[in-house]
Amino acid sequence: MDHKEIAAMCKALGDPTRARIVQFLLDCCCEVEVGEGGEVRSTEGPTAGQVCCHVTGSETVTSTISFHLKELRNAGLVSVEKRGKYMECKINRDAVAKLADFFNDAKTRSGCC
């Protein structure tokens, strides 16, 4: 188990806005596409505008949301792939599973003291 990786994920999730973004993406389990200028491209799932609306109440992508998505990407919780002038963002389910396994393993250990 890579404790540095787990710590980075926990640190990223320590911010309430980032935790809300992750929760929203987990609930939607869909891709989000954001243009370089903040424009939104229709996808089969929620748009970046919907993420922003859910998190901030604004329908346009803000630099704050972009920053939080970058922090989540750096922690390995969100993957971002450039598609033309859009960014396709989705939850990294493998990273979320690692984090869940970490806490589940800790829960099942008995008598540490």
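The exercises below, each with a worked solution, concern a predicted model of a protein.

**Exercise 1. The overall layout**

State how many helices and strands the protein has and in what order they come along the sequence.

Solution. Begin with the count: the protein has five helices and three strands. Next, read along the sequence, where the pattern is α-α-β-α-α-β-β-α. Then look at burial: 31% of the 113 residues count as buried. Finally, take the contacts between residues at least 6 apart in sequence; 54% of these join residues at least 24 apart.

**Exercise 2. The two sides of helix α1**

Work out which residues of α1 are buried, which are exposed on the other side, and why the buried ones line one face.

Solution. Step one is to find the helix, which covers residues 3-13. Its buried residues include I6, M9 and A12. Step two is to look down the axis of α1: the buried residues fall within an arc of 125 degrees, so they line one face of the helix. A general rule helps here: an α-helix has 3.6 residues a turn, so residues three or four places apart point the same way. Step three is to turn to the other side of α1, where H3, K4 and K11 are exposed. Step four is to check the start of the helix, where a side-chain oxygen of D2 comes to within 3.1 Å of the backbone nitrogen of K4.

**Exercise 3. The salt bridge**

Identify the residues that form the salt bridge, and say which parts of the protein the pair ties together.

Solution. First, note that the structure holds one salt bridge. Its partners are E5 and K98, whose closest N and O atoms are 3.1 Å apart. Second, place both residues: E5 is in helix α1 and K98 in helix α5, so the pair ties together parts that are 93 residues apart in sequence. Third, consider accessibility. E5 has a relative accessible area of 28% and is partly exposed. K98, at 40% relative accessibility, also counts as partly exposed.

**Exercise 4. A buried arginine**

Decide whether R18 is with or without a salt bridge, and find the residue whose side chain makes a polar contact with the side chain of R18.

Solution. Start with position: R18 is part of helix α2, residues 16-28. R18 is buried. The nearest side chain of opposite charge belongs to D15, 4.2 Å away. A salt bridge requires the nitrogen and oxygen to be within 4 Å, and R18 has none.

Now list the contacts. Apart from neighbours within four places in sequence, R18 touches K11, A12, L13, F67, H68, E71 and L72. Of interest among them is H68, because the side chains of H68 and R18 are joined by a polar contact of 3.0 Å.

Then look from the side of H68, which sits in helix α4. With 7% relative accessibility, H68 counts as buried. H68 and R18 are 50 residues apart in sequence, yet their C-alpha atoms are 5.9 Å apart in space. Beyond its neighbours within four places in sequence, H68 is in contact with D15, T17, R18 and I21.

**Exercise 5. The largest nonpolar core**

Name the residues that touch the most other members of the largest nonpolar core, and the elements that give two or more residues to this core.

Solution. The core has 18 residues, and those touching the most other members are M9, I21, L72, L77 and V78. The elements giving two or more residues are α1, α2, α4 (63-74), β3 (86-91) and α5 (93-108). In general, nonpolar side chains in soluble globular proteins tend to be buried together.

Take V78 as a case. Setting aside neighbours within four places in sequence, V78 is in contact with L25, L72, R73, C89, K90, I91 and N92.

**Exercise 6. A loop residue**

Find where N92 lies and which backbone oxygen is 3.0 Å from a polar atom of its side chain.

Solution. N92 lies in the loop between β3 and α5. Its relative accessibility is 26%, and N92 counts as partly exposed. Outside its neighbours within four places in sequence, N92 contacts G76, L77 and V78. The backbone oxygen in question is that of G76. As a last step, compare N92 with R73: the two are 19 residues apart in sequence and 8.9 Å apart in space, C-alpha to C-alpha.

Notes. Residues are numbered from 1 along each chain as its sequence is written. This is a predicted model: local features need pLDDT of at least 70, side-chain atom pairs count only at pLDDT 80 or more; totals for chains, interfaces and linings use all residues. Side-chain values use heavy atoms; hydrogens and water are left out. Buried means under 20% relative accessible area, exposed over 50%, partly exposed in between (1.4 Å probe, protein chains only). Helices (H or I, at least four residues) and strands (E, at least two) are DSSP runs, numbered from the N terminus. The arc is that of the directions from the helix axis to the C-beta atoms. A polar contact is a pair of N or O atoms within 3.5 Å; within protein, one must be able to donate a hydrogen and the other to accept it, and residues adjacent in sequence count only if both atoms are side-chain atoms. Lys and Arg count as positive and Asp and Glu as negative; His and the chain ends are not counted. Contact means heavy atoms within 4.5 Å. A nonpolar core is a set of buried Ala, Val, Leu, Ile, Met, Phe, Trp, Tyr and Cys residues joined through side-chain atoms within 4.5 Å.
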